[in-house]
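User: Could you take a close look at one part of this model for me? I'd like to follow how its pieces pack together.

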Amino acid sequence: FWHIPKSGGTTVERIYMCLGQTIASQVGTVPKFGHDHDKELIAFRPWKERVSNATYVNVNTNTETGIIRARLMGLVPSGIADIIFTTMPDYAIQHLYDSSHRGRAMALFRHP
């Protein structure tokens, strides 16, 4: 999902949270959750006290460094994430996907 700031991307992420999906975004490597230096992919629930059943993958798909780390950890081939949120779709497409692992792009545009 191409997350365009101030265009409804956070709402889309909340919908996927309500659906209990596994999400790859910047949340996965927030230091307070303790998974920012993991060597293997895992999906975890960052907010245990909340009602959401969503899990997050321990990668950051909003930075070039995070996308490269996700590639090296095998994010797309693993199939662990139901949806990948990024503000850098061109970079993510070039580095995460290949002819054996294809994805679909989605975006939400808001009229000013």
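Analyst: Happy to; here is a walk through one helix pair, followed by the sheet. Please keep in mind that this is a predicted model.

Let's begin with the helices. Helix 2, residues 64–73, packs against helix 4, residues 89–96, with the two axes 9 Å apart and at an angle of about 25°. Angles under 35 degrees count as roughly parallel, so helix 2 is roughly parallel to helix 4. Their crossing is right-handed. On the helix 2 side, the contact is made by Glu 64, Ile 67, Ile 68, Ala 70 and Arg 71. Facing them from helix 4 are Tyr 91, Ala 92, His 95 and Leu 96. By character, the residues of this contact split into 6 nonpolar, 1 polar and 2 charged.

Now to the sheet. Its 4 strands form an open sheet in the order 2-3-1-4, and the pairing is mixed. The edges belong to strand 2 (43–44) and strand 4 (83–84); each has a single partner strand, so one side of each lacks a neighbour in the sheet. Strand 1 (residues 22–24) and strand 3 (residues 55–57) run parallel and are joined by 2 bridges. Within this pair, Ile 23 of strand 1 lies opposite Tyr 56 of strand 3. Helix 1, residues 9–18, packs on the sheet and touches strand 1, strand 3 and strand 4. The direction of helix 1 makes about 150° with that of strand 1.

Notes: Residues are numbered from 1 along each chain as its sequence is written. This is a predicted model: local features need pLDDT of at least 70, side-chain atom pairs count only at pLDDT 80 or more; totals for chains, interfaces and linings use all residues. Side-chain values use heavy atoms; hydrogens and water are left out. Axes are lines fitted to C-alpha atoms, for helices over the stretch in contact, and angles run from 0 to 180 degrees between N-to-C directions. Angles under 35 degrees count as roughly parallel, over 145 as roughly antiparallel, 65 to 115 as roughly perpendicular and the rest as oblique. A crossing is left-handed if the near helix is turned anticlockwise from the far one by less than a right angle, and right-handed if clockwise. Contact means heavy atoms within 4.5 Å. Ala, Val, Leu, Ile, Met, Phe, Trp, Tyr, Cys and Pro count as nonpolar, Asp, Glu, Lys and Arg as charged, and the others, Gly among them, as polar. Two strands pair if DSSP finds at least two bridges between them.
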